Amino acid sequence: MTARMSGPFRFGDRVQLTGPKARLHTITLREGGELHTHHGVLRHGDLVGLPDGSVVANSSGREYLALRPLLRDFVMSMPRGAAIVYPKDAAQILAQADVFPGATVVEAGVGSGALSLWLLRAVGAEGRLVSFERREDFAAVARANVETFVGDVPANWEVVVGDLAEDLAHAVPAASVDRVVLDMLAPWECIDAVADALTPGGVVVCYVATATQLSRVAEYIRGTGLFTEPDANETMVRGWHVEGLAVRPDHRMVAHTGFLVWARRLAPGAVPPEVKRRASKTSFSDEDVELWTPGAVGDRQITDKNLRKRVREAERAAEGARQAAETVEDGPAVPGSEAPASRPSSDSA
Ligand SMILES: C[S@@+](CC[C@H](N)C(=O)[O-])C[C@H]1O[C@@H](n2cnc3c(N)ncnc32)[C@H](O)[C@@H]1O
């Protein structure tokens, strides 16, 4: 039975209950089911028929707000085999990969199935998702998570236990895949297989955690000559505290998750018109050096005349300091300017 995302609660639905002190319980409504806490018993049946967003009381009158978990709530709390793609990155992946209803999408690795859930939603019932995972145990976690959230294992989702680089060609015909998303340690090892599977104009998006992976996969994509120039970005989301006059950014945030690199498959034999680019930063020209000089980056350049003036000022200041030092060594020049004979009593103890 496919889970419903709206409408009155019914048996089989997952429900998030928020009690006093924001304590959260997530339950699946079952006939005869009960939630037991130190503060009483809540019968599942009492929720059935109520609209989403209702407040229910348990046997001792303690109240709970009942809401169906959103996908972003579910992925953050579901069991994990491997690290998941966070909702902020999943949203960017869907946008940069341009995942559309009806698309044929390939992803690897499945990990815990978080990204699979977003992709399944985006391709819709008319689309198809083929997910590769090297580890059978992770694939099992992902299958269970998808089934829990969706209500069954979707007919348009295939999980292949194996290495994408070796098995992609057996799983899909050449040039038949609209979009590929790679979330793994070494995506460059899969780019050749991905180039064969992608349809002309298709998009590959890689999600990587470190700058060294980002560089390596971008250079690999560029080196094949089979894709458009790779683009890259990262997404930082800063929450805000909005309460009365206290309207400000949150003090804490998730500062780093990963980077995205994406490119499009060229048609066979296509050589794009050459784009004039600056010399690569692995070598550099006089123009590059100029770009990094203070003038080019916005610092005011001092004129020679001004500089000579500053030198004279500095030398005068140094001369003054030298004379002051000599005066102290020779004894006071001005009567009454002697240092005190003893330190103040509070210091001399
Ligand atoms: C970070 S996890 C993926 C998390 C997943 N996207 C999610 O949102 O839950 C990376 C996974 O890729 C798998 N993996 C790494 N290289 C692979 C490959 N070449 N083919 C298939 N799976 C691979 C690993 O076993 C691991 O489970």
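Q: If a helix is a DSSP run of H or I with at least four residues, and a strand a run of E with at least two, both numbered from the N terminus, which of these elements each supply at least two residues of the shell around the ligand?
A: In this predicted model, the elements are helix 3 (114-123), strand 8 (128-133) and helix 5 (164-171).

Q: What makes a residue part of the surroundings of the ligand, and how many residues surround the ligand?
A: The criterion is a C-beta atom, placed from the backbone, within 6 Å of the molecule. The ligand is surrounded by 23 residues, and the closest are Ala82, Gly109, Gly111, Ala114 and Met184.

Q: How is the shell around the ligand divided by class?
A: The shell holds 14 nonpolar, 4 polar and 5 charged residues. Glycine counts as polar and alanine and methionine as nonpolar in this division.

Q: What is unusual about the peptide bond that leads from Ala108 into Gly109, and where is Gly109 found?
A: The bond from Ala108 to Gly109 is cis, with omega near -15 degrees. Gly109 is found in the loop between strand 7 and helix 3, and is one of the residues closest to the ligand.

Q: Why are helix 2 and helix 3 called oblique to each other?
A: The axes of helix 2 (residues 87-97) and helix 3 come within 10 Å and cross at roughly 40 degrees. Angles under 35 degrees count as roughly parallel and those of 65 to 115 as roughly perpendicular, whereas the rest that are not over 145 count as oblique. The two helices are therefore oblique to each other. The crossing is right-handed.

Q: Which residues of helix 2 and helix 3 meet, and how do they divide by class?
A: Ala90, Ile93 and Leu94 in helix 2 meet Ala114, Leu115, Trp118 and Ala122 in helix 3. The residues of this contact divide into 7 nonpolar, no polar and no charged. Ala114 also belongs to the residues closest to the ligand.

Q: What makes strand 9 and strand 12 the edge strands of their sheet?
A: The sheet is open, with 7 strands in the order 9-8-7-10-11-15-12 and mixed pairing. Strand 9 (157-161) and strand 12 (231-234) each pair on one side only. From one strand to the next, the twist averages 15 degrees.

Q: How do you know that strand 7 and strand 8 pair, and in which sense?
A: Pairing requires at least two bridges found by DSSP. Strand 7 (residues 104-108) and strand 8 have 5 bridges, in the parallel sense. Within this pair, Val105 has Leu129 in strand 8 as its bridge partner.

Q: Which strands does helix 2 touch, and which does helix 5 lie across?
A: Helix 2 packs on the sheet and touches strand 10 (177-183), strand 11 (198-208) and strand 15 (259-264), its direction making about 160 degrees with that of strand 11. Helix 5 lies across strand 7, strand 8 and strand 9, and runs at about 150 degrees to strand 8.

Q: What is the order of the sheet of 4 strands, and which are its edge strands?
A: This open sheet has the order 2-1-6-5, with antiparallel pairing. Its edge strands, strand 2 (24-28) and strand 5 (54-57), each pair on one side only. The twist averages 35 degrees from one strand to the next.

Q: How do you know that strand 1 is paired with strand 6?
A: The threshold is at least two bridges, and 3 bridges join strand 1 (residues 14-18) to strand 6 (residues 63-67), which run antiparallel. Leu17 has Ala66 as its bridge partner in strand 6.

Q: What makes the phi of Lys21 notable, and where does Lys21 lie?
A: Lys21 is not a glycine, yet has a positive phi of about 65 degrees. The residue lies in the loop between strand 1 and strand 2.

Q: How many residues lie between the strands of the hairpin of strand 13 and strand 14, and which residue there takes a positive phi?
A: There are 2 residues between the strands, and Gly244 takes a positive phi near 55 degrees. Strand 13 (residues 240-243) and strand 14 (residues 246-249) pair in the antiparallel sense over 4 bridges, with Val242 opposite Val247.

Terms used: Residues numbered from 1 in each chain as written. Predicted model: local features only at pLDDT ≥ 70, side-chain atom pairs only at ≥ 80, totals over all residues. Axes fitted to C-alpha atoms, helices over the stretch in contact; angles between N-to-C directions. Left-handed = near helix turned anticlockwise from the far one by under 90°. Contact = placed C-beta atoms within 7 Å.
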